[in-house]
Amino acid sequence: MAAGTTRVVKLIPAKTAFLFCDIQTRFRSAIHGFDSILTTGNKLIKVAKIHEVPVIVTEQNSRALGSTDDRLELTSLGPLHLATIEKTLFSMATPDFLALINERGFKSLVLMGIESHVCVLQSTLDLLEKGYDVHVLADGVSSCNKEEVPWALERMRQAGAQITTSESMLFQLQVDASDPRFKAFANVIKEEKEATAQTLQSLLPTAHTREYAFDFAVVIFGRLSFFERGR
């Protein structure tokens with residue numbers, strides 16, 4: 001690659017996995033916007049079932065911090081839930097995890113969970129270093145102190161991660177409205193539109209978030225209706 005040239009990183013649907021980092025019960029009352037993270041996670045699970053995207057979960061020292069919150073509908077995934085991996089490392093990149101993603105030939109890793117400035121950050125850096133494309137969901141990560149989040153996202157961006165939102169990422173996964181899975185996909189997007197707007201307001205608190213979230217929901221709903229009329 002020529003000096004100064006920016007590499008364009010796109011999601012590769014056939015080589016994509018969703019990663020859920022340490023979304024555990026003991027964090028419920030400690031993490032800013034914890035329920036919003038669950039909302040994003042369950043939206044991903046719905047689309048994972050439509051597009052057959054594998055999901056990998058990690059748990060940090062579960063004896064002390066509890067298991068993954070059971071409000072995440074992981075059981076509905078069946079075999080698409082590849083593994084829940086126990087760890088003490090402040091990164092998902094344990095030997096078992098790395099062996100699994102290597103064996104399955106993943107390239108695009110969509111990452112969400114907690115905490116943004118600890119395990120999410122270190123997972124991102126480790127996976128980038130090993131040559132994976134990491135797509136971090138800004139509406140799927142948080143920390144105990146919400147002020148940590150923008151700094152963590154910027155650090156990951158500087159390292160080469162793709163910072164995106166769940167909706168943007170999911171449309172990259174869908175790719176084309178002519179895909180026969182689009183109707184089911186569109187139904188999920190419409191079902192989740194209000195929750196998506198609320199999650200953006202909760203986890204992306206900028207001066208323009210409220211207006212953006214409302215406009216985003218209206219645009220997405222209108223776009224889906226337009227596509228469906230054209231089918």
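Phe-185 is buried in this predicted model, at a relative accessible area of 0%, where buried means under 20%, exposed over 50% and partly exposed in between (1.4 Å probe, protein chains only). Phe-171 also counts as buried, at 17% relative accessibility. A search of the whole structure gives two aromatic pairs; rings of Phe, Tyr and Trp (its six-membered ring) pair if their centres lie within 6.5 Å, with planes under 30 degrees apart counted as stacked, over 60 as edge-to-face and the rest as tilted. Phe-171 and Phe-185 meet edge-to-face, 5.1 Å centre to centre with 90 degrees between the planes. This pair links distant parts of the chain, 14 residues apart, with Phe-171 in helix 6 (residues 166-174) and Phe-185 in helix 7 (residues 182-191). Helices (H or I, at least four residues) and strands (E, at least two) are DSSP runs, numbered from the N terminus. The rings of Phe-182 and Phe-185 lie 6.2 Å apart at their centres with planes at 35 degrees, so this pair is tilted. Ring pairs thus link Phe-171, Phe-182 and Phe-185 into a cluster.

Turning to the sheet, six strands in the order 3-2-1-4-5-6 form an open sheet with parallel pairing; two strands pair if DSSP finds at least two bridges between them. Strand 3 (81-87) and strand 6 (162-164) are the edge strands, each pairing on one side only. Strand 2 (residues 55-60) is joined to strand 3 by six bridges, and Val-55 stands opposite His-81 in strand 3.

Residues are numbered from 1 along each chain as its sequence is written, and side-chain values use heavy atoms, leaving out hydrogens and water. As the model is predicted, local features need pLDDT of at least 70 and side-chain atom pairs count only at pLDDT 80 or more, while totals for chains, interfaces and linings use all residues.
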